Amino acid sequence: MDLGYGTEYEACREQVRVFLRAQWPPRETNAEDATAEQIQSFRRAAVDAGYLYRNIPRRFGGSEQEADILAAQIIREEFGTVRAPMELTGQGPQMLAPTLLEWGTDWQKDHFVRKAIEGEHIWCQGYSEPGAGSDLASLRTTGELRDGEWVLNGQKIWTTHWKRAHYMFALVRTEPEAGKHAGISYLLLKMDQPGVEVRPLKQITGDSEFAEVFFNDARTPADWIVGERGAGWTVSRSLLRHERNMIGSANRSAGLFRSLLRLARSAQIDGRPAVEDRQVREALAAIHGYVETQRCSSYVQLTRELQGRDSETLSLLNKISDTNIGQQVSLLAHRLLGAESALAPRGQPAGRTSGNEKWMNQFMGSLGMAIAGGTSNIQRNIIAERGLGLPRDAAAARDEKP
Ligand SMILES: Cc1cc2nc3c(=O)[nH]c(=O)nc-3n(C[C@H](O)[C@H](O)[C@H](O)COP(=O)(O)OP(=O)(O)OC[C@H]3O[C@@H](n4cnc5c(N)ncnc54)[C@H](O)[C@@H]3O)c2cc1C
């Protein structure tokens with residue numbers, strides 16, 4: 001099987017490499033360890049060169065390139081290899097921005113997209129509620145239009161990025177008389193206002209990345225609705241697709257595996273590098289097999305997308321693979337670090353940690369990935385129904401009858 005991209009694309013790969021050699025010289029440290037200014041100026045150069053934010057129009061801060069899935073893949077691979085910063089991650093740049101480009105009004109795009117992708121506005125996601133997680137359409141937070149403003153009442157939970165978030169995109173029931181899915185609208189709102197109360201949740205890592213968010217007559221302007229009134233469910237489906245692609249990236253798994261290899265080279269077993277131990281090598285080889293399988297599966301996903309065919313099932317499979325790989329990598333890292341890893345200090349934000357603490361957080365976080373963005377069970381249900389054509393989950397089908 002030839003997994004090469006062909007001469008034209010190998011030339012594109014060479015151009016990317018030349019750009020990276022000039023703009024991101026080899027370094028031992030992670031991209032996160034470079035200064036904020038270095039990262040920002042690298043990203044600007046990469047946008048100018050057409051390598052980042054390729055699907056975002058220039059007027060919103062992107063590089064507005066022709067859709068080319070293979071070129072985009074090559075860029076991800078090459079940036080990943082030298083650990084150069086890719087697009088900013090997070091719910092604003094990766095989830096809200098593409099959703100607004102698809103569904104937002106001109107004003108919403110002008111006002112929010114550039115600031116989301118450049119990190120000036122931090123966004124959080126207000127979907128889940130107590131009693132509305134997997135069965136998201138059961139949500140009960142209400143939005144009522146009064147005097148040109150939406151007035152919100154209810155509660156969200158598991159709100160990530162609450163600490164820094166300026167805004168939230170939220171699903172809210174605005175049409176109480178309509179059916180379960182038809183009654184939901186998609187609203188944007190400011191976090192810093194008297195009607196929004198945030199109560200942090202304490203995690204096993206000691207950190208509080210999540211919060212409960214309570215709305216008591218919280219307010220947002222009437223035109224901060226994305227899509228039509230009552231069409232929030234449709235808008236949210238496209239956002240969830242972006243979320244799964246964000247979580248299920250094959251390059252992320254490959255990057256994690258590279259970190260594990262570095263750890264296996266530096267950790268010691270009986271005075272020798274752990275990477276020389278037979279059991280460790282076998283475990284590494286097994287995980288590498290999963291990483292390569294995910295890479296091939298993402299190639300099949302790319303091929304289907306190039307052919308304009310549906311690739312939803314593969315994107316779900318890739319999210320499940322990513323979750324499994326994350327858990328296996330963390331378990332092996334734990335074994336390599338031994339008791340030391342349990343002594344890692346707690347309470348640092350996950351992105352700022354290093355050494356044992358980084359792996360401890362990776363381990364804890366890897367468990368959550370089986371839940372975030374739709375649990376693995378739910379992904380399997382969808383694969384079974386839409387991918388394999390098995391009968392609908394009886395409870396869900398009953399629920400959706402008008
Ligand atoms: C790291 C992390 C970050 C998150 N960030 C956010 C965020 O920023 N904003 C936000 O809104 N939410 C966020 N969430 C919440 C997340 O979307 C929900 O936790 C998830 O959708 C599951 O909902 P739940 O917790 O209510 O579990 P439930 O839906 O109650 O599920 C409990 C268990 O039952 C299983 N189950 C439920 N229904 C079925 C079924 N039909 N078939 C088979 N099994 C089923 C589930 O798989 C799960 O194992 C985050 C969660 C995590 C872990």
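This tour moves through a predicted model, one selection at a time.

**The whole chain**

Begin with the full chain in cartoon representation, coloured by secondary structure. There are 13 helices and 10 strands to locate. Of the 402 residues, 33% count as buried. Among contacts between residues at least 6 apart in sequence, 67% join residues at least 24 apart.

**The ligand and its shell**

Select the ligand next, together with the residues around it. The shell holds 20 residues, and the closest are Tyr127, Gly133, Ser134, Thr375 and Asn377. Two or more shell residues come from each of strand 1 (123-126), strand 3 (149-160) and helix 12 (376-387). Coloured by character, the shell divides into 7 nonpolar residues, 12 polar residues and 1 charged residue.

Now colour residues 97-230, which form domain 2, and residues 248-400, which form domain 3. Where does the ligand lie with respect to domain 2 and domain 3? Both domains give residues to the shell, so the ligand lies between them.

**Strand 3, strand 7 and strand 6**

Keep strand 3, already selected as a contributor to the ligand shell, and add strand 7, residues 210-221. The two run antiparallel and are joined by 10 bridges. To find one position in this pairing, select threonine 160, which stands opposite phenylalanine 210 of strand 7.

Strand 7 also pairs with strand 6, residues 196-201. Here too the strands run antiparallel, and 6 bridges join them. Arginine 199 and glutamate 212 make a useful marker for this pairing, since the arginine stands opposite the glutamate of strand 7. While the strands are on display, the side chains may be switched on: in a regular strand they alternate between the two faces of the sheet.

**Strand 5 and its partners**

Move to strand 5, residues 184-190. This strand is mostly covered, with 6 of its 7 residues buried. Strand 4 (residues 167-173) runs antiparallel to strand 5, and 7 bridges join the two. Alanine 170 stands opposite leucine 187 in this pairing.

Then add strand 8, residues 225-226, which is joined to strand 5 by 2 bridges in an antiparallel arrangement. In that pairing, tyrosine 186 stands opposite valine 226 of strand 8.

**Helices 8 and 9**

Select helix 8, residues 278-306, and check its length between the end C-alpha atoms. At 1.5 Å a residue, its 29 residues should span 42 Å, and the end C-alpha atoms are 42 Å apart, which agrees. Show the side chains of Ile287, Val291, Gln294, Ser298 and Gln301, which are the buried residues of helix 8. An α-helix has 3.6 residues a turn, so residues three or four places apart point the same way. Among the elements that cover the buried residues of helix 8 are helix 7 (250-266) and helix 9. Just after helix 8, glycine 308 takes a positive phi of about 70 degrees.

Continue to helix 9, residues 312-337. Its 26 residues should span 38 Å at 1.5 Å a residue, and the end C-alpha atoms are indeed 38 Å apart. Glycine 338 comes just after helix 9, with a positive phi of about 65 degrees.

**Phenylalanine 79 in helix 3**

Turn to helix 3 and select phenylalanine 79. Is phenylalanine 79 buried or exposed? It is buried, because 23 other C-beta atoms lie within 10 Å, against a cut-off of 20 or more. Apart from residues up to four places away in sequence, phenylalanine 79 touches Ala84 and Met86. Add arginine 17 to the selection: the C-alpha atoms of arginine 17 and phenylalanine 79 are separated by 8.5 Å, although the two residues are 62 apart along the chain.

**Two residues with positive phi**

Finish in the loop between helix 2 (36-48) and helix 3 (69-81), where tyrosine 53 is found. Most residues other than glycine have a negative phi. Tyrosine 53, however, has a positive phi, near 45 degrees. With 26 other C-beta atoms within 10 Å, tyrosine 53 is buried.

Glutamate 64 lies in the loop between helix 2 and helix 3 as well. Its phi is also positive, at about 45 degrees, although glutamate 64 is not a glycine. Glutamate 64 counts as partly exposed, because it has 15 C-beta neighbours inside 10 Å.

Notes: Residues are numbered from 1 along each chain as its sequence is written. This is a predicted model: local features need pLDDT of at least 70, side-chain atom pairs count only at pLDDT 80 or more; totals for chains, interfaces and linings use all residues. A residue is near a molecule or strand if its C-beta atom, placed from the backbone, lies within 6 Å of it. Helices (H or I, at least four residues) and strands (E, at least two) are DSSP runs, numbered from the N terminus. Ala, Val, Leu, Ile, Met, Phe, Trp, Tyr, Cys and Pro count as nonpolar, Asp, Glu, Lys and Arg as charged, and the others, Gly among them, as polar. Domain bounds come from an automatic or database domain assignment. A residue is buried if 20 or more other C-beta atoms lie within 10 Å of its own, exposed if 12 or fewer, and partly exposed in between; C-beta atoms are placed from the backbone. Two strands pair if DSSP finds at least two bridges between them. The expected span of a helix is 1.5 Å times one less than its number of residues. Two residues are in contact if their C-beta atoms, placed from the backbone, lie within 7 Å.
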